[in-house]
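Hi everyone, thanks for coming along. Let me put the structure on the screen, and then we can walk through it together.

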Amino acid sequence: MLTSTYFTGLFNERFFRNLLPKPALDDFRLGVGTPDFKLSDITNNRTLKLSDYRGKQPVLLAFTRIFTEKQYCPFCYPHIKALNENYEEFTNRGIEVLMITSTDRKQSQIVVQDLGLKMPLLSDPSCYVFRTYKAGQALGAPLPAQFVLDKDGKLLYRHLFSFLDHNASIETLLERFNSGKVDKLSRI
């Protein structure tokens with residue numbers, strides 16, 4: 001399923017750097033802090049650091065797969081919309097949702113506008129944070145993944161892409177925050 005027939009901007013440096021498949025790696029230990037990063041928040045026109053949330057509130061890192069400002073991964077598009085529709089439910093529970101994309105600033109601005117995104121959309125066109133979190137890559141873009149972090153930045157749960165289970169459901173993500181405990185069976 002294509003989300004658009006608009007392919008302008010698809011074949012760029014990022015596409016070719018992410019062309020060959022690399023599987024996601026399950027290298028982060030549950031109950032341990034995850035790497036800090038600093039990215040541009042396109043939704044709110046600011047620079048954001050993950051460490052800004054440490055000690056203050058839990059965070060959902062939602063790595064998503066967007067090819068261009070008009071071309072979304074068919075597995076990720078419904079997940080992006082569901083996260084956006086449920087953003088208030090997360091924030092009402094004191095959870096921040098940080099969506100991370102590999103689209104550049106200009107493309108990301110169009111995504112924010114077209115989808116009416118409420119949550120911060122962080123632009124990582126170099127794919128540095130995707131690689132740091134070992135999300136994997138295939139066919140021109142990094143793969144999606146979700147990381148549930150407690151208020152101290154410790155990993156409670158992670159969901160890495162597979163063709164059987166593309167993205168963790170909203171219910172699963174909220175449940176992981178509610179339990180507040182490290183889930184030993186968090187990888188499917």
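Let's begin with a word we will need for packing: two residues are in contact when heavy atoms of theirs lie within 4.5 Å. Angles will come up too: axes are lines fitted to C-alpha atoms, for helices over the stretch in contact, and angles run from 0 to 180 degrees between N-to-C directions. Helices and strands are DSSP runs numbered from the N terminus, with H or I over at least four residues for a helix and E over at least two for a strand.

With that in hand, look at helix 6, residues 170-179. Helix 6 lies across strand 3, strand 10 and strand 11, and runs at about 20° to strand 10.

Before going on, a word on where this comes from. This is a predicted model, in which local features need pLDDT of at least 70 and side-chain atom pairs count only at pLDDT 80 or more, while totals for chains, interfaces and linings use all residues. Residues are numbered from 1 along each chain as its sequence is written, and side-chain values use heavy atoms, with hydrogens and water left out.

Now the overall picture. The protein has six helices and eleven strands. Of its 188 residues, 49% count as buried, where buried means under 20% relative accessible area, exposed means over 50%, and partly exposed is in between, using a 1.4 Å probe and protein chains only. Among contacts between residues at least 6 apart in sequence, 71% join residues at least 24 apart.

Next, the sheet. Strands of a sheet pair through backbone hydrogen bonds, either parallel or antiparallel. For our purposes, two strands pair if DSSP finds at least two bridges between them. In what order do the seven strands of the open sheet come? The order is 2-1-7-6-3-10-11, and the pairing is mixed. At the edges sit strand 2 (46-49) and strand 11, each of which pairs on one side only. From one strand to the next, the twist averages 30°.

Let's stay with strand 11, residues 155-160. Being an edge strand, is strand 11 mostly covered or mostly open, and how many of its residues are buried? Strand 11 is mostly covered, with six of its six residues buried. Its partner is strand 10 (residues 145-149), and the two pair in the antiparallel sense over five bridges. In one of those pairings, Phe 147 has Arg 158 of strand 11 as its bridge partner. The two strands form a hairpin with five residues between them, and Gly 153 in the turn has a positive phi of about 85°.

Back to helix 6, then. Its buried residues are Ile 170, Leu 173, Leu 174, Arg 176 and Phe 177. Seen down the helix axis, these buried residues fall within an arc of 155°, so they line one face of helix 6; the arc is that of the directions from the helix axis to the C-beta atoms. What covers them includes strand 3, helix 2 (76-85), helix 3 (87-92), strand 10 and strand 11. The face turned away from the buried side carries the exposed residues Glu 171 and Asn 178.

Now for some rings. Rings of Phe, Tyr and Trp (its six-membered ring) pair if their centres lie within 6.5 Å; planes under 30 degrees apart count as stacked, over 60 as edge-to-face, and the rest as tilted. By this rule there are nine aromatic pairs. One of them joins Phe 28 and Phe 147, edge-to-face, at 6.2 Å centre to centre with 85° between the planes. Phe 28 lies in the loop between helix 1 (13-17) and strand 1 (38-41) and Phe 147 in strand 10, so this pair ties together parts that are 119 residues apart in sequence. Phe 28 is buried at a relative accessible area of 16%, and Phe 147 is buried at 1%.

The rings of Phe 63 and Tyr 133 have their centres 5.4 Å apart and their planes at 40°, so that pair is tilted. Phe 63 is in strand 3 (residues 59-63) and Tyr 133 in the loop between helix 5 (128-132) and strand 8 (137-138), 70 residues apart. Both of these residues are buried. Phe 28, Phe 37, Phe 63, Phe 130, Tyr 133 and Phe 147 form one aromatic cluster.

One last stop: Thr 64, in the loop between strand 3 and strand 4 (66-68). Thr 64 counts as buried, at 4% relative accessibility. Leaving aside neighbours within four places in sequence, Thr 64 is in contact with residues including Cys 76, Met 99 and Phe 130. Thanks for listening!
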